Amino acid sequence: MPPKQTTEKGHSDEKVPSDGTQTSFARQKGKVREIFSIPAPIKKLFDLVPVVVYPANPLPQRAPKSARIPSLYVFSKGQDAAAGRPSVNPSCLKWQTFLNIAGIDHRLVSSNNHASPTGALPFLLPAIHNSDSLQETLPVPSNKFVKYATEHGGIVEESASMRYSAYQSLLDHRIRNAWLFTLYLEPLNFSAVAYPLYVASTSSNPIVRASISHQLRNAAEAQLLKHTPVIDTDDLYSEADKAFEALSILLGEDSWFFGNGKPALFDASVFAYTQLLLDDDLGWKEKKLCRALRVRDNLVQHRERLLVRYYGGS
């Protein structure tokens with residue numbers, strides 16, 4: 001019957017889209033595909049030139065070269081580095097001495113911050129062997145030296161004393177702050193000590209030298225102003241004097257700190273400052289910080305023991 005046929009047809013139309021509707025949907029789907037698809041010319045180009053991962057390029061000719069023994073890059077004069085003498089920078093000297101204490105054979109290379117992968121010295125370039133992987137020949141930053149020494153047969157001993165952190169903070173803050181001031185912000189010492197070591201050795205260009213001098217002094221001042229709104233010279237030296245006194249009491253009559261039977265990392269940390277402050281060859285002019293150290297006989301003797309034991313008394 002015609003009415004029934006019409007109803008059935010209408011019911012069918014609700015469930016099955018017409019051909020026109022299917023065509024419209026297909027067109028919309030095609031447009032979406034076109035938006036997210038790679039254009040044909042580019043696809044053909046990539047088909048012709050597949051992605052290939054090439055091996056790493058060799059290092060530039062002036063880049064640090066691996067040697068048969070590890071190379072420690074430090075602030076030092078060229079002839080002093082060749083002779084294995086103590087670095088002229090506390091951070092470098094600390095880790096140079098630590099590697100000596102741990103028994104890690106290495107050679108010294110005179111360098112500067114610009115040559116360091118981390119932007120700071122020291123860093124260690126491991127010895128290279130034919131069987132070494134790329135990972136094993138990457139530069140080692142100083143915060144991984146203890147791990148490196150442990151993994152390469154070094155003898156690493158450190159005090160388990162709960163006081164260790166407190167005494168380390170004396171070096172990291174009070175003594176370091178006084179060191180920054182006496183080296184960079186005392187005009188006489190900057191001209192006599194810092195300038196020859198960190199400025200004149202970098203460039204012969206007077207403009208470059210002036211720029212480096214400005215940067216060094218500004219950096220030291222900014223570091224000190226992190227802890228106080230005003231740099232109080234008397235307070236800096238007073239706090240350093242108290243720190244030296246605390247270290248002297250800690251050492252007492254022992255040969256090494258914390259009563260250890262042999263020197264350890266903390267001894268190297270102290271030596272990093274005592275060696276430089278007691279080194280008359282550096283040419284200190286303003287010696288207030290040097291005098292504060294020199295009156296502590298056991299700290300002076302501690303420095304002498306390490307100097308003789310690991311540097312031949314040089």
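# Exercises on pockets, burial and contacts

α5 (90-102), α7 (164-185), α8 (187-199), α9 (206-224) and α11 (265-277) each place at least two residues in the lining of the largest pocket. The model is predicted. The exercises below start from that pocket.

**Exercise 1. Describe the largest pocket: its volume, its lining and the helix that gives the most to the lining.**

Step 1. Take the volume. The largest pocket holds about 1,200 Å³ of space.

Step 2. Count the lining. It consists of 44 residues. Nearest the centre of the pocket lie Phe-75, Asn-89, Asn-113, Tyr-184 and Tyr-198.

Step 3. Find the main contributor. α7 gives the most to this lining, with 8 residues.

Step 4. Sort the lining by class. There are 22 nonpolar, 18 polar and 4 charged residues.

**Exercise 2. Search the whole structure for cavities of 30 Å³ or more, and describe the largest cavity.**

Step 1. Run the search. It returns 1 cavity of 30 Å³ or more.

Step 2. Take the volume. The largest cavity has about 40 Å³ of space.

Step 3. List the lining. Phe-98, Ile-101 and Ala-102 belong to it, as do Ile-155, Val-156 and Glu-157. Lys-262, Pro-263, Ala-264 and Leu-265 complete the list.

Step 4. Assign the lining to helices. α5 gives the most, with 3 residues.

Step 5. Sort by class. The lining of the largest cavity has 8 nonpolar residues, no polar ones and 2 charged ones.

**Exercise 3. Place Arg-296 in the fold, decide whether Arg-296 is buried or exposed, and list what Arg-296 touches.**

Step 1. Locate the residue. Arg-296 sits in the loop between α12 (288-294) and α13 (297-311).

Step 2. Apply the cut-off. Buried means under 20% relative accessible area. Arg-296 has 9%, so Arg-296 is buried.

Step 3. Look for a polar partner. A polar atom of the Arg-296 side chain lies 2.7 Å from the backbone oxygen of Ala-292.

Step 4. Look further along the sequence. Leaving out residues up to four places away, Arg-296 touches Asp-241, Phe-244, Glu-245 and Ser-248.

**Exercise 4. Do the same for His-227: where is it found, and is it buried, partly exposed or exposed?**

Step 1. Locate the residue. His-227 is in the loop between α9 and α10 (233-251).

Step 2. Apply the cut-offs. Exposed means over 50% relative accessible area, and buried means under 20%. His-227 has 47%, so His-227 is partly exposed.

Step 3. List the contacts. With residues up to four places away left out, His-227 touches His-173 and Asn-177.

Step 4. Compare sequence and space for one partner. His-227 and Asn-177 are 50 residues apart in sequence. Their C-alpha atoms are 9.5 Å apart.

**Exercise 5. Count the disulfides, and decide whether Cys-92 and Cys-290 are buried or exposed.**

Step 1. Set the rule. A disulfide is a pair of cysteine sulfur atoms within 2.5 Å. The count by this rule is 0 disulfides.

Step 2. Check accessibility. Cys-92 has a relative accessible area of 0%, so Cys-92 is buried. Cys-290 has 6%, so Cys-290 is buried too.

**Exercise 6. Summarise the whole protein: its helices and strands, its buried share and its contacts.**

Step 1. Count the elements. The protein has 13 helices and 4 strands.

Step 2. Take the buried share. Of its 314 residues, 39% count as buried.

Step 3. Turn to contacts with a separation of 6 or more. Residues 24 or more positions apart account for 70% of them.

Methods: Residues are numbered from 1 along each chain as its sequence is written. This is a predicted model: local features need pLDDT of at least 70, side-chain atom pairs count only at pLDDT 80 or more; totals for chains, interfaces and linings use all residues. Side-chain values use heavy atoms; hydrogens and water are left out. On a 1 Å grid over the protein atoms alone, a cavity is a set of points where a 1.4 Å probe fits but cannot get out, and a pocket is an open set with protein on both sides within 12 Å along at least five of seven lines; lining residues have an atom within 4 Å of a point. Grid points are joined across faces, edges and corners, and a volume is the space filled by probe spheres set on the points. Ala, Val, Leu, Ile, Met, Phe, Trp, Tyr, Cys and Pro count as nonpolar, Asp, Glu, Lys and Arg as charged, and the others, Gly among them, as polar. Buried means under 20% relative accessible area, exposed over 50%, partly exposed in between (1.4 Å probe, protein chains only). A polar contact is a pair of N or O atoms within 3.5 Å; within protein, one must be able to donate a hydrogen and the other to accept it, and residues adjacent in sequence count only if both atoms are side-chain atoms. Contact means heavy atoms within 4.5 Å.
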